[in-house]
Amino acid sequence: MSLLKPFSKLPELNTANILLVENEEQFQQILAETIVLLKKNVNVNVRLARSLPLPIENEKFRPRIDLVVFIINLTSELSYQSAEVSLKFLDPDYFLGKVCFLVTNARNASVPPERLISVRKLVASLHCPLLFAEDQMTDGVNTAAHRLLAILKVTSGHVPMATGLYLSSLTRCTVPSDIDQQNFD
Amino acid sequence: MADAMEEPRKDVLVHLNMLEMKANHLAVKQQEVWQVKVGREEQLNATLQALIIKRDQLKAELKANTSLQNLRTLLDKTNAPCERDVEDMENGSENSQTLLLMARHTQLKDLLHAHHLIGGYNVLLTKGKGVCVSIATAYEGLYLETYNLEINLQCKIRISRHNIPPFIPLETMVKQGNMQTDIRAFLDTLSQYLNAYVGRRQQLHLVKEIHNSVQVMESNALCTILVLMFTVPGEKARAALCTLEYNDHTQCLPTRVLIESEDTALASSPQWKKDQALLLETPVHRALVTLKKKGSIA
Amino acid sequence: MDQSMKRTLQRLIRRIPFQLLKTTLSKWAHILEEDLLLLDFTQPKCLFTENLLSLCEGKGTTVKHITELEMIYIIENPNQVMWRAFQLLDAREDAPSIELTQFKEQFKAHLTELNSHVSIKIKKHTDEAVWIRIAWGDNFTKPNHLKPTYAVHHLQTPYVFVTGLTVKHKPLLNQALVLTTRYGSIKDASLSGRNLVAIRDLLMRQYQQVFPTKHPKPLQEKNHVPTNPNIEKEQIENTENRLQMACEAFGDGTLPQLQKAVYQLETKFRDNSNRTLTGSDEPFRGVVEFTSTNLLESLRHAVSSGIASTPVTPLLSSITQKGRNYFVVTDKGV
C-alpha cells in the first residue's frame, strides 16, 4: 500500500499539479481539457486516475500533487464507493486543505436523496469543500474548471497570504443538523 | 577600498572590519570554486564508473550472444549436439545448459516463424488459459483471410472461440480427427479445408471480374457448385449452361463438369470432351481464358 | 378476386409504410410501369388502397401475386418482426452437397406430405439466403395468408431463422427442414432479435472478431482526441488493457445489433427463516434481462470504460461466443 504524500517532493517553479480521480473516466477527461485551456499565469498539469492507489511505476515522474479532486457521479453507487475506497490511499496531510470533492448529476431525478446525504456526511467528516458541477453543458464544465483552478492556485501557493488550510476552513462542507431530522420525518 | 581612501580619517576599527569582511568573502568564493572543481571531478568519476560498468555488461552480452550464435550453428548443423561438444565449446561453463536451452528456444522460434511465412499456423500464448492459433490462407501467391482459433488447454483441449465460417464442418473435424492427441493433424485438415474454400471463392471472384461474357448463374456459400452460362459460337450461336461440381471440399478443382445446351449434340462432341478435361484440370478462371482463345466460347 | 384476397391485400398495404410503398410496388412484377403511373402516391392510404384494389381486380390478381408482393416487402425489410434462430444438429454425410433446386423440391414434398393444406413459396435472395414462406391451413380451412410463417436458411449452414411460427406448426416445419437439409435433428438456438442480419452475423461469426496476435495493431481509439501534453493519465495501461479485453470478448467495429439478453436463474432457495420456499421442490426462479438498442455495443462500452469488471465474466462473453441471448443459469453453472 503506497500512500500519496503532499510534501514528499519539491515543488517546481510556477507549476501547479492537480489530480482528478473518477471511476468512470468520462467527465474527468472533458474537465482536464477545459482546465488546461483556461488562461492562467501558472503552468498547470492535470493527472487523471481512475482510483487510488496510483501505480508505483509512475512514482518517479509524478510531480508533487497540490490538489486531489474526487469526482462522484451521483447516479452511480459504484462511483461513490470507489471514491470512498480511494480515500484510504491518501496521506492524512492532504486533508489539511488539499482535497476537494466534485459531485455531478446531482439534479438527476433518478438519484435517491440518501446518496447525496451520505456524500455530504462523508465530505463533512473529512473537512473538505464540496462542489457541484453540471457535466452535460459546456458552461457547467467551464464553471467547474474555473473553481477548481482557483482552489488549485491557493493550495499550490500561488496566492500570497493564503493557504489551502485557510481556504478550506472557510469553504468546507458542513452538514446542517436538520438533515438527520428530515430523514427522521 | 575606494571608500577607505576617501575617508582615511574614519576609525581604524571600521577599516579592519571591512577588511575582515572582504577576506571572508574571498574565502567563501574560494571555497565555492574549490567545491565546484571537486564536484566536477566527482561527477566525472561517477560517469567513468558507469561507463565502465556498461562496457563490461556489453562485453558479457556480446560474449553470451556469440556463444549462443555458435551453439545455434552447431544445432542447425547436427540437429542434436552431444553434450560433449557443448562442454568443449564452453570450456565447462556453468551456463552451458541454459545457453543450450536458449539456443534451442531461438531455433524453435525461428522455425515457427518460417512455418508461418510459408503459410502455416502462428501459435501464440493467450493470457493464462490457452493458445491462439491463426491459420493464414492464400491462393496463387495472394494472401487472403486469416482465420483464428482460440484453444483452451486446461485439462481437455477445447476450442473456445473462432472465426471460421459456419459452412466449414469444424465440429465434424473435431469429432473425427484426434484433436486430443494429434492437434497437428487436425490443424492440417482444417487448413486444407480453409485454403480450398478460399481458393474456390477467389476463383469465382476472378471469373466474375475477368469474364464479362460469362454469367455466373448459381453458386453457393461453400463455393462447391458453380453454374456458368456462356455462348458457344457457331453458325447458330447457342447459350450453354456449364455446371462445375466440387465434391472434394479440400480441393480447388472440380470433380465433375457437365454441360447443357439446346444443341444436344454439344455435350457429346469431341471438342467438348477436350474442354471438359481442361476444366477438370485447371482452375476455372484460367480454363475460361484458354477456352476463349481456342474459340470454344464467345 | 374474392373477399379474403381483398382483405389480405388491404392488410398488406396497411403494413407497408408510405415511404416504402412506391419502391416495393415497383419491384412487383405483377404491376407494370405504366400501371404504376396511374396510381397517385400522394393520396391518403385508404383511397390509395381502393384504387390499387380496383386496378388489381382488372388484372386478375391471384393469391400467388399477393404473396409475391408480401415476400418482396418482407425480404427488403426483415427488421419489422421478431426472428428466432434454430440450429440443425448431426449433419449427415451428404449434407454439404445440397443445392437449391433439390432443396426447393424436397422441402415442398416433405412438408405437403405432413400437411397437404399448405401453400409454400420459396425464393432465393441475392445474399445466398433461401426464403421460405408458408401459409398454413388444415382439413377444414384454406391456407391462412394473413398469418404466414417465414423461414430463412442459408444452404450448407446449420442455421434457420424463423418468424411467425406457432407451437402447432413447429413440429411440422422442423421435420420438413431436418429431412430436407439432411441433418439429424433441430434445436432452438436460444437467440432472437428484431435484426435478422445481426443474429445471422452473430451465429455465422461474420462480425469483426479480435484475436491476440503477434503483431498487435494499435486498437483504434474511439472518438480520439488530441492529447494535451499537460494532461497525463496515471492508469493508461489499464485503460488499454480493458479496451483490448472488451474487444476480444465482444468484437471490434460495428457489432451485430441485439436488443436483449435474458438470464433465467434456477436454483434452490436457501434460507432457514423461510420454511415454505426452502422446502419446496420447485426451483426458485429469477430473471435478469438486459435491454438496449444495441446490447453488444453497450456491454463493450461498459467493459472498456470500466463500469463492468474485467476479465469479462463468461456469462456476458457467452453471448458472442455461443451466439445466444437466452440463458438458463442453474446451480451447476450455465
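This is a short tour of a predicted model, chain by chain and then across the contacts.

**Chain A**

Select chain A. Its secondary structure comes to 6 helices and 5 strands. Follow the ribbon from the N terminus, and the order reads β-α-β-β-α-β-α-β-α-α-α. Now orient the chain along its principal axes: the C-alpha trace spans about 55 × 35 × 35 Å.

How does the radius of gyration of chain A sit against that of a compact globule? It agrees, because a compact globule of 185 residues would have a value near 16 Å and chain A has 16 Å. Colour by burial next. Of the 185 residues in chain A, 38% count as buried. Then turn to contacts between residues at least 6 apart in sequence: 83% of those in chain A join residues at least 24 apart.

**Chain C**

Move to chain C. Here there are 12 helices and 10 strands. Colour the chain by domain: domain 1 covers 3-76, domain 2 covers 80-201 and domain 3 covers 236-329. Put a marker at the C-alpha centres of domain 1 and domain 3 of chain C. They lie 45 Å apart.

Zoom out to the whole chain. The C-alpha atoms of chain C fill a box of roughly 75 × 60 × 50 Å along the principal axes. The radius of gyration of chain C is 25 Å, whereas a compact globule of 334 residues would have one near 20 Å. Buried residues make up 28% of the 334 residues in chain C. Of the contacts in chain C between residues at least 6 apart in sequence, 68% join residues at least 24 apart.

**Strands β8, β9 and β10 of chain C**

Select residues 260-267 of chain C, which form strand β8. Add strand β9 of chain C, residues 284-291. The two pair in the antiparallel sense over 8 bridges. Label C:A261 and look across to β9(C): C:F290 stands opposite.

Now add strand β10 of chain C, residues 326-329. β10(C) runs parallel to β8(C), and 4 bridges join them. Label C:L265 this time. Opposite, in β10(C), is C:V329. While side chains are on, recall that they alternate between the two faces of the sheet in a regular strand.

**The nonpolar cores**

Which residues touch the most other members of the largest nonpolar core? Select C:A85, C:V160, C:F161 and C:I199; the core they belong to has 54 residues. Centre on C:F161. Beyond its neighbours within four places in sequence, C:F161 is in contact with C:W83, C:A85, C:V152, C:L196, C:I199 and C:R200. A second, separate core holds 47 residues. To find that core, select A:L19, A:L52, A:L122 and A:I151, which are among its members.

**Between the chains**

Show all the chains. There are 2 pairs of chains in contact, and chains B and C share the most contacts. Chain A and chain B have no contact; their closest C-alpha atoms lie 21 Å apart.

Finish where chain C meets chain A. Chain C brings 11 residues to this contact and chain A brings 16 residues. On the chain C side, strand β7 (residues 231-233) gives the most, with 3 residues. What is the make-up of the side of chain C that touches chain A? Its residues divide into 2 nonpolar, 6 polar and 3 charged.

Keep β7(C) selected and add strand β2 of chain A, residues 43-49. The two strands pair across the chains in the parallel sense, over 3 bridges. Label A:L48 as the last stop: its bridge partner in β7(C) is C:K233.

Notes:
Residues are numbered from 1 along each chain as its sequence is written. Chains are lettered from A and ligands numbered from 1 in the order in which they are written. This is a predicted model: local features need pLDDT of at least 70, side-chain atom pairs count only at pLDDT 80 or more; totals for chains, interfaces and linings use all residues. Domain bounds come from an automatic or database domain assignment. Two residues are in contact if their C-beta atoms, placed from the backbone, lie within 7 Å. Ala, Val, Leu, Ile, Met, Phe, Trp, Tyr, Cys and Pro count as nonpolar, Asp, Glu, Lys and Arg as charged, and the others, Gly among them, as polar. Two strands pair if DSSP finds at least two bridges between them. A nonpolar core is a set of buried Ala, Val, Leu, Ile, Met, Phe, Trp, Tyr and Cys residues joined through C-beta atoms within 7 Å. A residue is buried if 20 or more other C-beta atoms lie within 10 Å of its own, exposed if 12 or fewer, and partly exposed in between; C-beta atoms are placed from the backbone. The radius of gyration is taken over C-alpha atoms; the globule rule is 2.2 Å times the number of residues to the power 0.38.
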